[in-house]
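Biologist: Before we settle on any descriptive terms, I would like to go through the reasoning behind each of them. Could you show me the model?

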Amino acid sequence: MKVILRKHLFAIPAAATTALVLLNGCGTVTERETIASLRNVTIEIKEEQIEGSLEKAMESYRKFLEETPESAMTPEAIRRLADLKIEKEYGTVVDSPSASVKELATEDEKPLASAAPDVSTPLPAKDLARGKAAIALPGEDEKQQKVQSKSDAIADLGESQKEFEKRATGKVDISGATKKEDLVLPAEAGADLQTAGAMEAIELYKNLLVKYPHYDRNDQVLYQLSRAYEETGQVEKAMEILNRLVKEYPRSRHIDEAQFRRAEYFFTRKKYLDAEDAYKAVVDSGIGSAFYEFAVYKRGWAYFKQDMYEEALNDFIALLDYKISIGVDLEHIESDIERKRIDDTYRVISLSFSYLGGPESVVSYFDKYGAREYEASIYSHLGEYYLSKRRYADAALSYNAFVERNPLHKVAPHFHIRVIEIYLTGGFPKLVIDAKKNFATTYGLRATYWTFFDINAYPDVLVFLKSNLTDLANHFHAMYQDRRMYKQKQENFDEAKHWYRVFLESFPEDTQAPGMNFQLAELLLENKDFRDAALEYERTAYNYLAHEKASAAGYAAVFAYREHLKTAQQSQRVLIKREIIRSSLRFADAFPKHDKAAIVLVAATDDLYELKDYPLAVKTGRKMLETYPQADIKLRRSAWLVVAHGSFDLTNYQEAEQGYIQVLLLTD
C-alpha cells in the first residue's frame, strides 16, 4: 500500500489543519484496515504547487485573526500576513509560508537559508559560484559576468581608473543572500495604486510594533518593515528602521544584513567613516556571515577613499587570505564572476601600493605582515599597472623586486622574461641587452636555479633561453662589425664569442646549432683568429647531421688553415701544413661535388710533395685526376706533374715517364 502526502505551498491556521488531517485520514484508511496494517504502508512526500496558494494562505490568516480571540499567536499571524503581502507584491521571501500558525508560535530561531557554509568544511573551488559567491559585486551585470577567465591572472587594465572605481565600489547586490527578487517599480502613472499591497503591509508592520511592543520577533518585523520601505523607494525611512533595529536588537539574526545595508547607504553617500564602522560590525560577526566577504572588500574601499592605504591593503589581503582558506585556487578560477572579483581586488591593491611608494612598499608590507603564497601576483599586477601608465622603469622594478626577494621561486624565470618584454616595449635597447644577459646567466642550463627545478618542466623558458642566447650572440656580433663601435670592438668580440659558445654548449643537438657554429667560425675569421676559426668550421662541417652550411664550412676550414699558415712562425709551419692536408683530404672525401673540391685536392697534392710524402702525394694526385677528369687543364697538369715527380723520386720511372708525357700533352 502506498500513500502520497503532498506538501502544499501555503499556510493555514491550526484549526483548519486539524480538520484536513481528519478528512485525509478518513479518505486513506478503509474500514477493513487496522492501525497495525499501516506498518506496510509506503509513505511518499511530494511538494505540490497549488494554484492561488498565496491568496489562500493570506485568506487563512485573515480568517484566523477575525475568528479567534487575541492570543500569543496573534502578533505572529499579523507579521505573517504582512510578509505574504510583501511577497505577493515583490516576490520577497524571508521565511517559508508553508508553516502553520501553530508551528510558527513554537518555532526556534533559524539562520537564513543562504547563510555562509560551515568554514570547518571549506567548499571546493568549483563550488564557490554557489552560496555566498552568488552575491554579485558592484557592476557585475549580465554582460560583465561573461568576462573570460584569464590563465595569466593579470587584471584587465583597459578600463580607466575612474570607471574602475565607479564600478568596483558600486552598491553590492545582496539578493542572493536575502532570497529577494529584484524590484521592478512601474514607470507609468498610478504607481501608488499598484503598490497598494506593500503600503498595506507597511501599515500592518507599524501597527504590530505599536500594539505589541514586547513581541519577541519585533526585530524581524523591523527588518521586514525596512525592506518594505526600501522596495517602495522610501530609502530614508528604511534607514531609520535599520538604525532602530541595530540599536534595539544587536543580537538579531538580521543584524549583519542590517549593518551591511547601512554601510552601503553611507558608502554611496560618501560617508566613508560611517560606512567603515558599519562594515566593521559585519566583519566582526565572523566568516559565518553571508556578508562577511563583501564587508571586508567594501571596508577596504572605504579606507581607500579616505587615503588610508595600508588599512585598505589589510582588508584586501585579508579577502585573498579568506579565499585561500576556503579552497579557492586564485590562479585557476572557473567562475567569471569570481575571476572578476579577484581581478578587481588585485587592481585596487596595485593602486594602494603605487600610492604608498611602489615596489619597495610591497617588500616592506610583506616583511611586516608575512609572506603570502599569492605574493607573486601582487608584484605582477603592480608591474602591469605601471606598464599601463608607461612607467617602464617602475614596471620592471616591480617584477625584479619579487625575483630579488624570491630568486628560487617557480615564476622567477617568467618574471625575468616579462622585464625584458617591458624594456622592449619601452624602447630601451641597452636595458634589454643587460636584462637578456642577466637572464641567460641566471637561467642557463648550468645555472644553480635548475638544481631545484626540472628544466624540461619549463618548455617556454627553454625556448626563450635559446632565443635569448641567439639574440645576444647576434647583437654583439653586429656591434663588433659596426665601424662606429671601434673602441668597443674587442669587448663586443668577446661577448659575441661567449654567447655563441654558451648556445652551442646548451643546445648542441638543436637544429640551429650548425648555423650558430658557422657564425662563430665567421666571427673568429673576421677577428683573424684563423686556427680557432678553422677548428669551428670543421666542427660545423663534420660534427652535425647534413645541413646547408656543411660544405661551405668544410672549404672555409681549409681556407682558414692556409691563412693561419701565412702568419705562423717557421717552427710551426710543418705542423700547420699537416693540418691543411688533413682538412683538405677530409673535405674532398666529404664533399666531392663541391666546385672547389678539385682545387683543394691539387693544393693538398702540392703540399704533400713539398713535405716529401711522395707516396701520398702520388696517390692524391691520381685520385684528383680520376675523380675530376674534366677539371681545368692547369689543375690536371699540376696533378700530373706531382705524380711524375713523386714517381721519379720513388724510382718508379715508368710511371714517372707516363706522368711527364701527360704533362707535355697539357702544356702549350
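Modeller: This is a predicted model. In it, helix α18 (residues 392-405) and helix α19 (residues 412-426) have axes that come within 9 Å and cross at roughly 170°.

Biologist: What makes α18 and α19 roughly antiparallel to each other?

Modeller: Angles over 145 degrees count as roughly antiparallel, and the axes of α18 and α19 cross at roughly 170°, so the two helices are roughly antiparallel to each other. Their contact involves, among others, Tyr399 and Phe402 of α18, together with Phe415 and Ile422 of α19; by class, it has 11 nonpolar, 4 polar and 1 charged residues.

Biologist: Why is α28 called roughly antiparallel to α29?

Modeller: Helix α28 (residues 614-627) and helix α29 (residues 633-649) pack at an angle of about 150°, with their axes 8 Å apart. Set against the cut-off of over 145 degrees, that angle makes α28 roughly antiparallel to α29, and the crossing of the two is left-handed. The residues that meet include Tyr614, Met624 and Leu625 in α28 and Leu635, Trp640 and Val643 in α29, and by class this contact has 10 nonpolar, 3 polar and 3 charged residues.

Biologist: How do you know whether Gln220 is buried or exposed?

Modeller: Gln220, which is found in helix α9 (residues 218-231), has a relative accessible area of 1%; buried means under 20%, and therefore Gln220 is buried.

Biologist: With which side chain does the side chain of Gln220 make a polar contact?

Modeller: The partner is the side chain of Arg253, at 3.3 Å, which falls within the 3.5 Å set for a pair of N or O atoms.

Note on methods:
Residues are numbered from 1 along each chain as its sequence is written. This is a predicted model: local features need pLDDT of at least 70, side-chain atom pairs count only at pLDDT 80 or more; totals for chains, interfaces and linings use all residues. Side-chain values use heavy atoms; hydrogens and water are left out. Helices (H or I, at least four residues) and strands (E, at least two) are DSSP runs, numbered from the N terminus. Buried means under 20% relative accessible area, exposed over 50%, partly exposed in between (1.4 Å probe, protein chains only). A polar contact is a pair of N or O atoms within 3.5 Å; within protein, one must be able to donate a hydrogen and the other to accept it, and residues adjacent in sequence count only if both atoms are side-chain atoms. Axes are lines fitted to C-alpha atoms, for helices over the stretch in contact, and angles run from 0 to 180 degrees between N-to-C directions. Angles under 35 degrees count as roughly parallel, over 145 as roughly antiparallel, 65 to 115 as roughly perpendicular and the rest as oblique. A crossing is left-handed if the near helix is turned anticlockwise from the far one by less than a right angle, and right-handed if clockwise. Contact means heavy atoms within 4.5 Å. Ala, Val, Leu, Ile, Met, Phe, Trp, Tyr, Cys and Pro count as nonpolar, Asp, Glu, Lys and Arg as charged, and the others, Gly among them, as polar.
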